[in-house]
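Here is a short report for a first-year reader. Look through the structure, then read on.

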Amino acid sequence: MLFSLGSSKANMDPALINFKVLYVLTQLCGLTMIVLVGTWIGQHFGGLGGSSNPKLEFNWHPLFMTIGFIYLYGNSILIYRGFRTTRKKTLKLTHAGIHIAAFILTVIALKTVFDSHNLASPPIPNMYSLHSWLGLSAVIVFSLQYVAGFVAFLAPGVRENYRIALMPLHIYFGLFGFVLAIASALMGLTEKAIFAVTNPPYSSLPTAGVLANVIGVLYVVFGALVVYLATEPAYKRKPIPEDTALLNSSSVNE
């Protein structure tokens with residue numbers, strides 16, 4: 001009864017209503033993005049394959065990067081605001097778990113792109129484009145951010161005042177890595193369209209080219225929504241009683 005009353009009051013908050021609408025829109029945008037990338041590589045680039053066919057193996061790269069390094073990464077950023085009534089400790093573990101899933105998919109995506117270059121005949125040079133430089137930079141930022149966040153916020157023994165001091169940096173570099181991933185994905189999408197959409201050419205805007213552009217627009221919209229939802233002060237998650245109890249318990253243990 002009390003929960004229902006609390007929920008009713010929360011539902012009357014205009015900011016929370018706006019957040020829910022935008023959060024659902026973000027999820028629909030992200031899922032549509034994934035479906036369209038799958039459609040793009042399936043209908044126009046032959047689908048997926050293994051190392052015996054480097055061109056088809058490459059197609060895992062945009063698919064897994066879209067799922068892991070954009071969609072899951074974005075959702076890990078929003079997890080605290082999207083599930084605001086869940087205990088913070090549970091959210092921390094979920095946040096870390098989503099990051100692990102994103103990291104695994106990203107590593108597989110990187111392996112497939114290096115394989116597709118090294119196993120091609122003749123081999124294709126690696127790490128020469130701006131896309132590859134920014135992409136690898138985003139992966140490094142993501143990885144360092146995960147290690148630092150795990151040590152600071154999940155490992156036992158770190159004083160609360162240190163965690164409070166590190167939180168702004170954690171938030172900033174999390175968003176910076178996400179935006180860098182979006183920028184790299186846009187470059188990679190354009191690069192793929194220019195090199196692979198050739199008959200008819202990308203400049204004539206065939207179906208494959210239009211689909212690539214639509215996917216790029218969805219990348220931008222998804223990224224913009226994630227950043228807005230994560231930084232708008234009105235949408236900030238309010239502490240629940242369980243969070244206060246956990247904080248007091250941590251202070252006593254220290």
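UniProt, in an unreviewed entry, places the feature "domain: Cytochrome b561" at residues 25-231. UniProt positions follow the numbering used here, feature names are shortened, and annotations may be inferred rather than shown by experiment. The model is predicted: local features need pLDDT of at least 70, side-chain atom pairs count only at pLDDT 80 or more, and totals for chains, interfaces and linings use all residues. Residues are numbered from 1 along each chain as its sequence is written, and side-chain values use heavy atoms, with hydrogens and water left out.

**Annotated spans**

The span of residues 25-231 is 80% helix and 0% strand. Its end C-alpha atoms lie 17 Å apart. Helices (H or I, at least four residues) and strands (E, at least two) are DSSP runs, numbered from the N terminus. The unreviewed UniProt entry also gives "transmembrane region" for several stretches, including 134-157 and 210-230. The table lists values for three annotated spans.

| Residues | End C-alpha distance | Helix | Strand |
|---|---|---|---|
| 25-231 | 17 Å | 80% | 0% |
| 134-157 | 35 Å | 83% | 0% |
| 210-230 | 30 Å | 100% | 0% |

**Salt bridges**

Side chains of opposite charge can pair when their charged atoms come close. A salt bridge here is a side-chain nitrogen of Lys or Arg within 4 Å of a carboxyl oxygen of Asp or Glu. How many does a search of the whole structure find? It finds two.

One joins Asp-115 to Lys-111, at 2.6 Å from N to O. Both residues lie in helix α5 (residues 88-118), four residues apart, about one turn of the helix. Asp-115 is buried at 15% relative accessible area, while Lys-111 is exposed at 52%. Buried means under 20% relative accessible area, exposed over 50%, and partly exposed in between (1.4 Å probe, protein chains only).

Arg-163 pairs with Glu-160, with the closest N and O atoms 3.8 Å apart. These two sit three residues apart in helix α7 (residues 160-196), about one helical turn. Arg-163 is buried at 12%. Glu-160 is partly exposed at 23%.

**A helix pair**

Helix α2 (residues 14-44) packs with helix α4 (residues 60-82) at about 170 degrees, and their axes are 10 Å apart. Axes are lines fitted to C-alpha atoms, for helices over the stretch in contact, and angles run from 0 to 180 degrees between N-to-C directions. The two helices are therefore roughly antiparallel, a label for angles over 145 degrees.

Note on methods
Parallel < 35°, antiparallel > 145°, perpendicular 65-115°, else oblique.
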